[in-house]
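Work through the exercises below with the sequence and the 3D structure at hand. Each task is followed by a solution in steps.

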Amino acid sequence: MADWKLENCCDRQQVAFVAVVGVYIFVILALWRTPLLTPFKLITVYLHELSHAIATKLSCGKVEGIEVNLNEGGVTHTRGGMMCCILPAGYMGSAFWGMILIIMSTNDITVRVAAGALIASLIFTFFWARNWTLRWLCLAFIIFLAVVWVIQEVSVVKLLRYTILFIGTMNCLFSVYDIYDDLISRRVHTSDAEKFSELYPLCPCNGVGWGVLWGIFSFICLCAAVYLGLIILD
């Protein structure tokens with residue numbers, strides 16, 4: 001029976017899980033503006049744009065392609081669909097996928113499922129991409145994840161679990177940080193939140209307001225992932 005109240009928390013494995021997430025958060029925030037995190041930031045941009053694409057398909061729209069650029073920007077080319085679902089899906093979807101990856105990193109079987117699903121999506125996107133930056137990104141991460149997977153299989157180091165956990169944490173933080181960067185520190189008027197407020201002016205929130213709400217959702221996803229991870233590890 002699951003220990004939902006975490007009355008028996010925390011054993012060595014649970015402490016290690018929280019500690020690794022904490023270290024990842026510190027490292028990500030400390031190195032955010034350095035080129036060291038660029039590959040992982042680009043993969044979070046990819047998941048952001050993929051979430052737009054999924055929302056487009058679910059709302060009966062057509063996806064004509066996805067782009068990810070070296071300046072850490074991206075765009076999903078769509079026709080039709082419900083913009084009230086498509087625009088929020090980028091940040092909220094990125095946070096959701098981050099939460100799923102963190103949770104699935106807690107088990108040797110589920111982490112393989114997560115890595116396999118991510119590799120499959122990258123293979124599909126390689127042929128669907130609209131620019132070569134995204135194609136090279138897909139190819140590089142397919143090879144990277146495959147190598148990490150093999151290393152875990154032939155050694156005692158849980159490298160694949162740590163990698164998936166890092167990507168998951170990065171996705172949850174990316175939504176919060178990018179919303180802050182786009183809407184508070186420098187106010188980018190082409191952001192999803194600004195576009196959403198322009199399309200739906202009768203809603204009480206402006207672009208910053210929507211960004212804050214989406215950022216809160218992202219933070220909740222991170223906290224929920226850690227909480228559920230602790231329960232699974234119990």
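Helices (H or I, at least four residues) and strands (E, at least two) are DSSP runs, numbered from the N terminus. The model is predicted, so local features need pLDDT of at least 70 and side-chain atom pairs count only at pLDDT 80 or more, while totals for chains, interfaces and linings use all residues. Residues are numbered from 1 along each chain as its sequence is written, and side-chain values use heavy atoms, with hydrogens and water left out.

**Exercise 1. Annotated spans**

Task: compare the record's "transmembrane region" entries with the secondary structure of residues 15–32 and 212–233.

Solution.
Step 1. The unreviewed UniProt entry lists residues 15–32, 80–102, 109–128, 134–152, 159–180 and 212–233 under this name. UniProt positions are given in the numbering used here, feature names are shortened, and annotations may be inferred rather than shown by experiment.
Step 2. Residues 212–233 are 100% helix and 0% strand, with 32 Å between the end C-alpha atoms.
Step 3. Residues 15–32 are 89% helix and 0% strand, with end C-alpha atoms 25 Å apart.

**Exercise 2. The hairpin**

Task: describe how E1 and E2 pair, and locate Glu 72.

Solution.
Step 1. Two strands pair if DSSP finds at least two bridges between them. Strands E1 (residues 62–68) and E2 (residues 74–79) run antiparallel and are joined by six bridges.
Step 2. Two facing pairs can be picked out: Gly 65 is opposite His 77 of E2, and Ile 66 has Thr 76 of E2 as its bridge partner.
Step 3. Buried means under 20% relative accessible area, exposed over 50%, and partly exposed in between (1.4 Å probe, protein chains only). On this scale five of the seven residues of E1 are buried, and the strand is mostly covered.
Step 4. The hairpin has five residues between the strands. Glu 72 is in this loop between E1 and E2.

**Exercise 3. Positive phi**

Task: which phi values do Cys 60 and Glu 72 take, and where do these residues sit?

Solution.
Step 1. Most residues other than glycine have a negative phi.
Step 2. Cys 60 is not a glycine, yet its phi is positive, at about 65°. Cys 60 belongs to the loop between H2 and E1, and it counts as exposed because its relative accessibility is 72%.
Step 3. Glu 72 also has a positive phi, near 70°. With a relative accessible area of 29%, Glu 72 is partly exposed.

**Exercise 4. The nonpolar cores**

Task: find the elements that build the largest nonpolar core, then look at Ile 167.

Solution.
Step 1. A nonpolar core is a set of buried Ala, Val, Leu, Ile, Met, Phe, Trp, Tyr and Cys residues joined through side-chain atoms within 4.5 Å. The largest core has 54 residues, and those touching the most other members are Phe 17, Tyr 46, Leu 122, Leu 134, Leu 137, Ile 164 and Ile 167.
Step 2. Two or more core residues come from each of H1 (12–30), H2 (38–58), E1, H3 (83–104), H4 (108–128), H5 (132–154), H6 (159–185) and H8 (207–233). H6 supplies the largest share, 10 residues.
Step 3. Contact means heavy atoms within 4.5 Å. Neighbours within four places in sequence aside, Ile 167 contacts Phe 40, Ile 43, Leu 101, Leu 118, Phe 141 and Leu 145.
Step 4. Leu 87, Tyr 91, Ala 193 and Phe 196 are among the six residues of a second, separate core.

**Exercise 5. Two buried residues**

Task: are Thr 169 and Trp 32 buried or exposed, and what do they touch?

Solution.
Step 1. Thr 169 lies in helix H6 and counts as buried because its relative accessibility is 0%.
Step 2. Not counting residues up to four places away in sequence, Thr 169 touches Tyr 24, Ile 25, Ile 28 and Ile 102.
Step 3. Trp 32 is in the loop between H1 and H2, and at 5% relative accessibility it counts as buried.
Step 4. With neighbours within four places in sequence left aside, Trp 32 contacts Leu 37, Lys 41, Met 170, Leu 173, Phe 174 and Tyr 177.
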